[in-house]
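Got the viewer open? Here is a short tour, stop by stop, with something to select at each one.

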Amino acid sequence: MGIKSDFRGEEGVRKFLNRKKSQYEKLNEKEKSEADKDALENPYLDSGIHNIAEDKEIKKIMVGIDIDPAEILMAKQLGEIDLVFCHHPIGKSLAYLSDVMTLQSDILEQYGVPINIAEGLMRERIEEVSRSTSPGNHQRVIDSAKLLKVNLINVHTPCDNLAAKFLKDLVEQKKPETISELMELLKEVPEYKKAIEQGAGPKIFVGSPENRCGKIALTEITGGTEGSPKLFEKMAQAGIGTIIGMHISEQGKKQAEEANINVVIAGHMSSDSLGINLFIDELEKRGIEIIPCSGFIRISRN
Ligand SMILES: [Fe+2]
């Protein structure tokens, strides 16, 4: 499902994996033994299976945006949870978060930013993210799952791809002209409606309601985390008028203002929930019961 909704298309994902394979082939034996073989087959290294305590039929899963040792304890306390499903990267998936970010270069190219510029600026940002995730206690929650014998997986970019595709289709279908029309459109999505009740609905971070949208781009809903602030100027030159995102740094906001790009922040937990819901609906169709937790807004479209 992640590949099917990937903005690069199935062909683009195949090319990405082929580049990984050719890089791997060039390594010497020692480097090969240290390389992660999963990278040759899994285009989303920020997602994976982290603990199989018991390989059993899955009937009930607990699903959350972030899973910490507290949620593992909760799963134990609730009882009969066959699997804990986490969205944000944990363990090795967190260590490899920056690996999925090249996806953003491809998306930017599709919106008209020359690939050399997109790749150059993203490379800088990818290295920054890689350094920032490096000191984290990646294995903490996985250790808890092992000790308490809880099955644990995380699915990040495949869900974010689903959310990005959903929003892109919505915008292309309804063609909002102004920022206020775009806001109204977003507010009709059940996850955002719920987020409004929770005080975390879609917000205009840059621009005003009467501004016209111009070309609307979904450059950072998927692809790991926020891209480089330096990209806004290049996006404006490429003809992008409005960005729909999940989050933006203060520095990014300033750059967007300077570039006259409108920024609508749809919401973080709500956008993550949208993607997870589209994924989880398929599990529900197979008779799996879903227990939402940790900020996850469960909406079933079944
Ligand atoms: Fe997220």
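## Stop 1: helix 5

Start by selecting helix 5, residues 102-110, where Leu103, Gln104, Ser105, Ile107 and Leu108 are buried. One thing to keep in mind as you go: this is a predicted model. Now show the neighbours of those side chains: the buried residues of helix 5 pack against helix 6, helix 8 (157-174) and helix 11. Then step just past the end of helix 5 to Gly112, which takes a positive phi of about 105°.

## Stop 2: the open sheet

Next, colour the strands. Five of them, in the order 1-4-3-2-9, form an open sheet with mixed pairing. Strand 1 (48-51) and strand 9 are the edge strands, each pairing on one side only. From one strand to the next, the twist averages 25°.

Zoom in on strand 2 (residues 60-64) and strand 9: the two run parallel and are joined by 5 bridges. Pick Met62 here, and you will find Ile291 of strand 9 standing opposite.

Now bring helix 13 (residues 268-285) back into view. Which strands does helix 13 lie across? Strand 2, strand 3 (83-86) and strand 9, with the helix running at about 180° to strand 2.

## Stop 3: the iron ion

Stay with helix 13 and select the iron ion. Which protein atoms are the donors of the iron ion? They are NE2 of His88, NE2 of His268 and OD of Asp272, lying 2.1 to 2.3 Å from the ion. Read along the sequence, the spacing of the donor residues is H-x179-H-x3-D.

The two histidines link distant parts of the chain: His88 sits in the loop between strand 3 and helix 4 (91-95), His268 belongs to helix 13, and 180 residues separate them. Switch on accessibility colouring if you have it. His88 counts as buried at 14% relative accessibility, whereas His268, at 27%, is partly exposed.

## Stop 4: around Asn151

Head for the loop between helix 7 (140-147) and strand 4 (152-154), and select Asn151. Is Asn151 buried or exposed? Its relative accessible area is 8%, and the cut-off for buried is under 20%, so Asn151 is buried.

Show what surrounds Asn151. Leaving out residues up to four places away in sequence, Asn151 touches Asn51, Ile52, Ala53, Glu54, Lys56, Ile58, Asp82, Leu83 and Val84. With Asp82 there is a polar pair to look at: a polar atom of the Asn151 side chain lies 2.9 Å from the backbone oxygen of Asp82.

Keep Asp82 selected and add Glu54 and Lys56: these three are linked in a network of salt bridges.

## Stop 5: a tour of charged pairs

How many salt bridges does a search of the whole structure find? The count is 19, and three more pairs are worth a click.

Begin with Arg14 and Glu11, whose closest N and O atoms are 2.9 Å apart in a salt bridge. Both are in helix 1 (residues 9-25), and because they are 3 residues apart there, about one helical turn separates them. Arg14 is partly exposed at 44% relative accessibility, and Glu11 is also partly exposed, at 42%.

Then select Lys230 and Glu124, a salt bridge with the closest N and O atoms 2.8 Å apart. This pair links distant parts of the chain, with Lys230 in the loop between strand 6 (215-217) and helix 11 (231-237), Glu124 in helix 6 (residues 115-133), and the two positions 106 residues apart. Lys230 has a relative accessible area of 45% and is partly exposed; Glu124 is partly exposed too, at 40%.

Finish on Glu191 and Arg301, another salt bridge, where the closest N and O atoms are 2.8 Å apart. Glu191 is in helix 10 (residues 190-197) and Arg301 is in the segment after strand 9 (289-293), so this salt bridge ties together parts 110 residues apart in sequence. Check the accessibility of each partner before you leave: Glu191 counts as buried at 0% relative accessibility, while Arg301 is partly exposed at 30%.

Terms used:
Residues numbered from 1 in each chain as written. Predicted model: local features only at pLDDT ≥ 70, side-chain atom pairs only at ≥ 80, totals over all residues. Heavy atoms only, no water. Salt bridge = Lys/Arg side-chain N within 4 Å of Asp/Glu carboxyl O. Helix = DSSP H or I, 4+ residues; strand = E, 2+ residues; numbered from the N terminus. Buried < 20%, exposed > 50% of the residue type's maximum accessible area, 1.4 Å probe, protein only. Pairing = 2+ DSSP bridges. Axes fitted to C-alpha atoms, helices over the stretch in contact; angles between N-to-C directions. Contact = heavy atoms within 4.5 Å. Donors = N, O, S within 2.8 Å, 3.2 Å for Na, K, Ca; no water. Polar contact = N/O pair within 3.5 Å; in protein donor to acceptor, adjacent residues only side chain to side chain.
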